[in-house]
Structure formats: structure tokens, C-alpha cells
Amino acid sequence: MQPYGVNELRKMFLEFFESKGHLAMKSFSLVPHNDKSLLLINSGMAPLKPYFTGQEIPPRTRVTTCQKCIRTGDIENVGKTARHGTFFEMLGNFSFGDYFKNEAIEWSWEFLTEVVGLDPDRLYPSVYEEDDEAFEIWNKKMGIPAERIFKFGKADNFWEHGSGPCGPCSEIYYDRGEKYGCGSEDCTVGCECDRYMEIWNNVFTQFDNDGKGHYSELEQKNIDTGMGLERLASVVQDVDSIFDVDTLKALRTHVCRLADVEYGSDDQTDVSIRVITDHVRSVTFMISDGIMPSNEGRGYVLRRLLRRACRHGRLLNIEGSFLPELAKTVIEGSKDGYPELEEKKDFILNVIVKEEEQFNKTIDQGLKILSEIVAQMETDHVKTLSGDDAFRLYDTYGFPIDLTKEILEEKGFDVDEDGFKASMQVQRETARAARGVTNYMGADVTVYESIDPSVTSTFVGYDHLTYESDITVLTTETELTEALTEGDRGTIFVNETPFYATSGGQEADTGVISTAEGEFKVEDTVKLLGGKIGHVGVVVKGMLKVGDRVELFVDAKKRALSARNHSATHLLQKALRTVLGTHVEQAGSNVNEDRLRFDFTHFSALSQEELSKVEKMVNEYIAQAMPVVIKNMPIEEAKKTGAQALFGEKYGDVVRVVNMGDCSIEFCGGTHVKNTSEIMAFKILSETGVAAGVRRIEALTSEGLMAYYNSLEAKLNEAAKALKSTPDNFLDKIDHLMEDNKKLHSEVESLKSKLAQDAMGDVLSQVEEVKGVKLLATQVDGVDMNGLRELGDQLKDQLCDGVIVLASANDGKVNLMVTATDSALKQGAHAGNLVKAIAGLVGGGGGGRPNMAQAGGKNPEGIKDALLKAKETLEAQIS
């Protein structure tokens, strides 16, 4: 067997499966595409999930890849053992409803034994204990003796992740020999030692798990295989670990040369050497995919890895910046398989240099502070670092919490992580509140303040909706950056842009900025000090970086509709000045693709007649199909044309003048139609007051107006349908219904009154005398409050003199009504106080005037006690 190198093995694997009809696909980015379940790609099949689930159609039913992967779940063990690493390459061959177990098993064996040249007698397959089919293929077809085929249970040889597709696995182990073993007599496949190494895993996706433990056969069965490239190389090269294979050994040797140490001479030194060797690979590949250092998400993983490597460089007494030199070795060793590393070399090194410089400014001081804290903890016999101290190390010295934890764990201490999170939350809330803070010019403090003042942008959007330019600056929402990747929100600045930034009342253009590698959705365009124009949005695909040549595409339809509404405001102002007088001045405006809003000076609401005149006049201007002529001219010359300027606006020496026929001439920097006929039609929706002496008109044009009319028509048809009529005669139908409703309402009120009286029966027989004042306190059910008041008036007329208390239970609720005659009031009766006194007994409250009051409650069972209490209360009121 030849000791093939990593790059050779990668090439051999991909070419082998290409010979079996597979499409060799380039490794996907480490940044997951449309997969929020992952922070980073961590397996060969992860980026292929859309093909397995059927969301996307694969380019071929047979695919092979060598996928770059990162896993940080056991980062604390990286370096401590030679088994663990964060970056690895995963070889894989995949079938999407094409071949299945026979071919997958046969080809894995063929590649390992015939192509790579592994000794067949040192290879041991394993199968899921219930997968007789796979066992038979290994035993009968491949000729492997039954005693060399190992059967394992579900925990080891069945792949599933909750509900969904799943299936049994078949792994292949390689016996590396006794020198790698544990020495135990029963050492065999499955032992925890390094002798029997799993090098290949075939996953047979043949079942669907309903999430309740029930499995059904999939119609389309798939193959998902994985083999770690570095692990295969360690077997082929017969070396101790992945850190000894050719590419990693070259990197490891470079670390030793920089640190002037020898690998294998000291355990603690070896830990630091392995940490740096592994982490610089991850960092280099992550940056090549556009991941940038930050304090959240993928960026935090990158920053954590880079700063952990920096710290271990300090432990090896490496002075100054050293990671860029190591990154060059990573690029040199891996560029055969990943040519983008060489293509982006300058970019990668630049990012590493800046991040390392930033951390180097504070790491020594931070380590000194941490040492002092540890010494104090030892003195105080404290084992846990406070959350406040951990946060100070993070916030002031750039120590990720994980780095602080690692350093403390080495000394037998831990960290109050909950306290750290609490301090972090306080900082977030403080930062959120500080967003209202302004700089010395009175503007909001933003990330844009950090941009070099010499950076400017030229607007070319009057003549172009698409344009090519170069990215000059990129920002995230909080800091300047060298690149943005899929899912990142930020702002792009270029030399020239066709995107119109919000100004003059016209809302910003939106659209797309793209390169061969990435696409950015522009959601807003902002104008900043110093002539900068920022394109705000999110990366929807790939990566964009500073210096990239980009194509900028304005949403042409949105621009055109906004232009129609903007031009309409000019015509509207002319019409208002004609109808209302020349005192009308523009006081503000807002136009977008949907509608226009125009504020103007005027001192009273417009009459319907005035609104109709204005609307008619604007539509006449539109119908005249006047050409719109736009010129740049000296301001004094522009003033002589009679051009209308925006009140209070400051203009330069040269202004842009928009002339619509002989109708409207205004200073304006916005975008407009070429002819007024493009506006199509104009409709005023509302006219309101917004401030003293300022009125506002909201209106629609063109497509926005058509959408409005379509909506009205749909509502009209729905209303007619509900009335079992048509739009032509549904007004007559409404008149008839209103008349019918009036008659029915009258009948209902009469019936309710009669029912209430019938329910009362002969209640006058229940009248009592309380200190010479008549009291009628009785219950009548099923009557609402209006009915009780009406009954109270009728009974008061019959009683002539006294107090009436009525209670009614209705659908589990209680209504109480109390009324008192003038003579009862003179003797001390008070309806409001009486109802307050008894309402609590029915679970409610109320009040009212001395002569009439009411209350509500939720306890019908308390009515009897409330009526008894009424007598007691009245007795106390009578003097």
C-alpha cells in the first residue's frame, strides 16, 4: 500500500465515483444555504438535504463530493487529545433514488481494497443487527466470513434524527495493528482504543419515522455515505493521528518552527501546537467563505477559534503576529482541492491580520488582569469567577467567555455563566437606549461614522437603472467589515450607483446587487454625509467583499411607479395654487410606488367643491400629455424661470429644474416621468389637517389607483352578494331592509315591554313600608337593563311615592336598577348609595344619581340577599 497524501486521496475518491456515473460537485460553502438548523456545515450530506427531502431536484441522481466541514461541539477537547479537531474534510457518495445497498457496499470495498490498496484481511464490516439484507451482501456477495461481520444495535448502526427519513448503517473498520491497541485480550471492533478505526459509513435511508416509533418503507431509497479524508490518510500513511498526516504535519511543523519547540517532547506544549494547527485551518477556510469575526453566530465561532489560537501562541512564547504566516501554509497545502483559497489569499490574510492585531492590543493586559483575579480567588478560597469579572474580560479585553472558561479550568476554577449572561443583557439594553445618543453634529451615532471621510458615491440613476461599480466599503449593523455572507445584514457602498436614496420626500429605490459569487437584496438606500450613498439590506446568496466588481440592478417597476407619484405631486401643487391661491407652499411630501402624500400651507379644510376642482385640474394636466424637461442650471438663472423652490430648503450654486410643459416648474432632485401621460390618472383619497395652517392630501395614481378601484369593486360585489342583489340595485335593497328593520325594531321593543310587564305580575302586593317610605324590592328574570328602567318608570307612576329596587338574572349575569321618587329623596333615600350597598352581594358594583342608579354582577344566587339588604339600607337612609 502506498502512503498517498491527502490531496491524492481526495482526487482518487472523486475520480473513482465519477467512473461509476457520479457527478463530482465542488464543496459547498461552510455557510448553510436556507438552513437555519445549522450554524456551519458539519457533514457531507448537510448541504444536500434539499435533494434528499425532494425540495430541490439534484443535478444528477448520483453525486460525489469532498465537503469541508466544521464542528465545534467538543472544542474544549481539541488539542488535549490527538483525536479531536474542528475542521475536517468529508468524502461522500450519494444516491437520490438510484442505486442502493448492493452497489454502495460493493463500491466502498472496491475503492478501499483495489484503488487505495488496503489489506482486505484488515477490514471489518459492521451492520445493523436487524439488517439481514446488508449482512447477506457482505457475506454472500463480497465473501466476507460471517465471524468478521459485526452486528450492532440501534445506538451504533441506525441513523435517524427525530421524525423523517432514516435507516440502518454499515460501517467499515480497519485494523491498524497491535501498536495502536489497548493490549486487552478481548480488544476487537468496537473497542474504544485506536486499533480498530472506523473509516467508512454507508447510511441506507430506506424508512420514514413518524416520530412515534413507527417505521414505513420509503418509495425512494437513498444512499448517504461518509468517510473522513484525514482519518483515511492517517490509515494509509500509517501515522498516529490526523495531526501526523502530510498536510497537517507540514502545518504542525511550521508552528513548531515559529515557537522553536519540538512536537512530542512535552504534553502541554503538544496541546498548544495541536490547538493552533487545527484552529488556523478552520479560520482560513471560514474566512474564505466570507465569514467575518463578530460577537454573534458564525462570526463568534471564528473569533473564538482565532483568539484561542492567539492565546496558545502566547503559551508557546510566539511573539507578535503569527497566524497569517500559518494561514499561508494552510492555503499552500489545500489549494489543490480548494482553489478559492489561493484566489482569496490576500483577503484571508488581511482579515486575520486585522483580527489578530485587534486582540494582541489587549490579550497581554487581559491575561495579566485574569492572573490577578485568579490569585485573589485563591486567597479568598473562591472557586467561581463572577459574571461581572468574566464580562469585563470580554467587553474590555476581547476574551470570549469560552476562552476565559478554558483558562480557568486549567487552574481548577469555573465561571458564573448566568451572571455573565445577565451582564451581557444589561449591555445590550444600554446599547439599545444609547441609540438615541447623537454626535457633535446632532446626528444619530451609527456605524457609518467609522467610514473614511474620503469615501464618496456618485449617483448615476437619472440615466441608468443598471450599472457596474466596485465595492468600496462594507458594514454590518454594528461595525465595518471586509465581507458579508449569506444571511448577514449590512450596508454596501460603491463608487457609482443607480440607486436613488431617500430624499426630497421620495422613498428609496430597492433592488439587487450581485457578483458571480453572491447576491445582496437592497431593502433601503440611504444618503449620508460626505456624499456617501449606502445600500442597506441582506445577503441572500454567497458572499460579497470589499473590492468586488458588482452589478447593481434597480427595481425598475418600483422606480417607475414612484416617479409617477412624484411627478403627480408637482401637478397637484400647481392645481392647489390655482384653486386656493398663491399662498399655498409645499410643507412636506412622501411618495413611493403605492401612493403619494402632499402637505401644504392653507388655513382651512378644503370644501368638496375645491377638492373636485383640484382633482379635475390634475387629471387635465395628465391628459394634456405634456413633456417633462429636466435641466441643471445656475440657481440665479433658474430663479428667473419662475421655478418653484421648496420653502426653507438650501440649494447649491447649480440646481436641477423640472419643467412640465408650461404648467409646473420646480427645483427638484427626484426621479420623474418623461411625459405627464405616464401618470395615467389621479384620485384624491383624503384631505386632513396635520398642524396649524398645514393640510395634507393623500392620493393615488396609475397602478395604485387601479388596485384601489379593483378593491372597491370586489367589496361592492361582496356586499351585493350578501344582500342577494346586484351592484346596480343593491341601494334599493338596502332601503327596503332599513325600513323592514325599523318596523321589526319597533315590534321587538313592544314585545319586550309586554313580556317585562307580564313577568312582573301583581308586584304591588309586595310593597312594604320602611319608616313611612314605600319600598318595592323584587326580582324579575330575563329582562335587560333597558327593560328594567322602563319597568321602573311604570311602577314609579303606579306607586306615586317611594323607592323601587328591581333585580334581573339574564344568562348568568345580574342587572340591578334602583329608582326613587322626589318625596322619598326628601326623606333621605339615595338610589346611588343604595345600589352600591347591595351590588357586592351579586358579585358586582355600580352607582348613579340620587333618583336613579344601576349596577351589574356575576352572581345570580346573591339576588335574594341583595333585595333583603335593600330594605336594611333604606332604613338606615331614612331620617
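This report walks through the nonpolar cores, one helix, some salt bridges and two unusual backbone angles in a predicted model.

## The nonpolar cores

Let's start inside. In soluble globular proteins, nonpolar side chains tend to be buried together. Here, the largest nonpolar core has 112 residues, and the members that touch the most others are Leu9, Phe111, Leu112, Leu118, Trp138, Met286 and Leu323. Which helix gives the most to this core? That's H12, spanning residues 345-380, with 12 residues. There's also a second, separate core of 30 residues, and Leu580, Val628, Val658 and Ile679 are among them.

Tryptophan 138 is a good one to click on. Setting aside its neighbours within four places in sequence, you'll find tryptophan 138 in contact with a list of residues that includes Ile105, Trp109, Pro125, Val127, Ile144 and Ile172. Ser108, Gly143, Ile149 and Ser170 are in contact with tryptophan 138 too.

## A helix with two sides

Now look at helix H24, residues 863-877. Its 15 residues reach 21 Å from the first C-alpha to the last, close to the 21 Å expected at 1.5 Å a residue.

Which residues of H24 are buried? They're Ile863, Ala866, Leu867, Ala870, Thr873, Leu874 and Gln877. These buried residues cover an arc of only 115 degrees around the axis, so they sit on the same side of H24. What do they pack against? Their partners are strands S29, S30, S31 (803-810) and S32 (813-820), plus helix H23 (831-839). Turn to the other side of H24 and you'll meet Lys864, Leu868 and Ala876, which are exposed.

## Salt bridges

Searching the whole structure turns up 45 salt bridges. One of them joins the side chains of arginine 195 and aspartate 175, at 2.8 Å from N to O. These two are 20 residues apart: arginine 195 is in the loop between strands S7 (164-175) and S8 (196-209), while aspartate 175 is in strand S7. Buried or exposed? Arginine 195 is buried, because its relative accessible area is 17% and the cut-off for buried is under 20%. Aspartate 175 counts as buried as well, at 9% relative accessibility.

Another bridge brings together lysine 344 and glutamate 517, at 3.6 Å from N to O. This pair is 173 residues apart, with lysine 344 in the loop between helices H11 (340-343) and H12, and glutamate 517 in the loop between strands S18 (511-514) and S19 (518-528). Lysine 344 is buried at 8%, whereas glutamate 517 is partly exposed at 36%.

A third example is glutamate 477 with arginine 489, at 3.9 Å from N to O. They're 12 residues apart, and arginine 489 belongs to strand S16. Glutamate 477 is exposed at 60%, and arginine 489 is partly exposed at 35%. Salt bridges can also link up: Arg308, Arg311, Glu406 and Glu410 form a network of them.

## Two unusual backbone angles

Most residues other than glycine have a negative phi. Aspartate 260 isn't a glycine, yet its phi is positive, at about 55 degrees. You'll find aspartate 260 in the loop between helices H7 (246-259) and H8 (267-288), and it is exposed, with 71% relative accessibility.

Lysine 771 also isn't a glycine and has a positive phi, of about 50 degrees. Lysine 771 lies in the loop between strands S29 (768-770) and S30 (773-779), and with 52% relative accessibility it counts as exposed. Those two strands, S29 and S30, should ring a bell: the buried residues of H24 pack against them.

Note on methods. Residues are numbered from 1 along each chain as its sequence is written. This is a predicted model: local features need pLDDT of at least 70, side-chain atom pairs count only at pLDDT 80 or more; totals for chains, interfaces and linings use all residues. Side-chain values use heavy atoms; hydrogens and water are left out. Helices (H or I, at least four residues) and strands (E, at least two) are DSSP runs, numbered from the N terminus. Buried means under 20% relative accessible area, exposed over 50%, partly exposed in between (1.4 Å probe, protein chains only). A nonpolar core is a set of buried Ala, Val, Leu, Ile, Met, Phe, Trp, Tyr and Cys residues joined through side-chain atoms within 4.5 Å. Contact means heavy atoms within 4.5 Å. The expected span of a helix is 1.5 Å times one less than its number of residues. The arc is that of the directions from the helix axis to the C-beta atoms. A salt bridge is a side-chain nitrogen of Lys or Arg within 4 Å of a carboxyl oxygen of Asp or Glu.
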